[in-house]
Amino acid sequence: MENLPIAKSWLGVPLIHDDSVIGMLSLVRETDLHPYSAEDTTPATTFAVQAAVALQNANLYNKIEGFNRQLSFEVQQRTEAVLRLAQLDQAKSDFIFG
């Protein structure tokens with residue numbers, strides 16, 4: 001990929017949620033001073049777990065927002081229908097009792 005530094009050392013940590021990989025944390029070093037060590041994987045893994053939870057929460061939030069928009073639309077449609085029925089009922093009463 002363009003604009004990415006050339007990796008002298010790379011560490012990839014999967015983002016896992018419900019036993020499924022939903023992404024990857026990719027860390028690179030541009031210098032070859034030392035490769036990633038086992039000590040480097042602990043904070044990277046901790047961050048990957050938190051990132052997976054954050055991504056899942058964002059996904060759930062987006063779904064809830066979609067449900068809320070749909071619910072608001074349906075409430076509006078039904079409210080308009082009830083108001084229209086009330087108008088028709090009033091028109092009927094006016095005609096009959098006129």
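Here a trainee and a mentor talk through a predicted model of one protein.

Trainee: How do you know how far to trust this model?

Mentor: By pLDDT, the predictor's confidence in each residue, from 0 to 100. The protein averages 92, and 99% of the residues score at least 70. Because the model is predicted, local features need pLDDT of at least 70 and side-chain atom pairs count only at pLDDT 80 or more, while totals for chains, interfaces and linings use all residues. Residues are numbered from 1 along each chain as its sequence is written, and side-chain values use heavy atoms, with hydrogens and water left out.

Trainee: What makes up the secondary structure?

Mentor: One helix and two strands, running β-β-α from the N terminus on. Helices (H or I, at least four residues) and strands (E, at least two) are DSSP runs, numbered from the N terminus.

Trainee: Why is the protein called more spread out than a compact globule?

Mentor: Its radius of gyration is 28 Å, well over the 13 Å that the globule rule gives for 98 residues, so the description fits. That radius is taken over C-alpha atoms, and the rule is 2.2 Å times the number of residues to the power 0.38. Along its principal axes, the C-alpha trace spans about 95 × 30 × 15 Å.

Trainee: How do you know that strands E1 and E2 pair?

Mentor: Two strands pair if DSSP finds at least two bridges between them. Nine bridges join E1 (residues 9-17) to E2, and the two run antiparallel, so by that definition they pair. One of the links is His-17 with its bridge partner Ser-20 in E2. The strands form a hairpin with two residues between them, and Asp-18 in the turn has a positive phi of about 50°.

Trainee: Why is Ser-9 called buried?

Mentor: Buried means under 20% relative accessible area, exposed over 50%, and partly exposed in between (1.4 Å probe, protein chains only). Ser-9 has 9% relative accessibility, so it counts as buried. This residue of strand E1 touches Leu-27, Val-28, Arg-29, His-34, Pro-35 and Tyr-36, not counting residues up to four places away in sequence; contact means heavy atoms within 4.5 Å.

Trainee: And why is Ile-64 called partly exposed?

Mentor: Ile-64, found in helix H1, has 47% relative accessibility, so it counts as partly exposed. Across the protein, 11% of the 98 residues count as buried.

Trainee: How far apart are Ile-64 and Leu-83 in space?

Mentor: They are 28 Å apart, C-alpha to C-alpha, and 19 residues apart in sequence.
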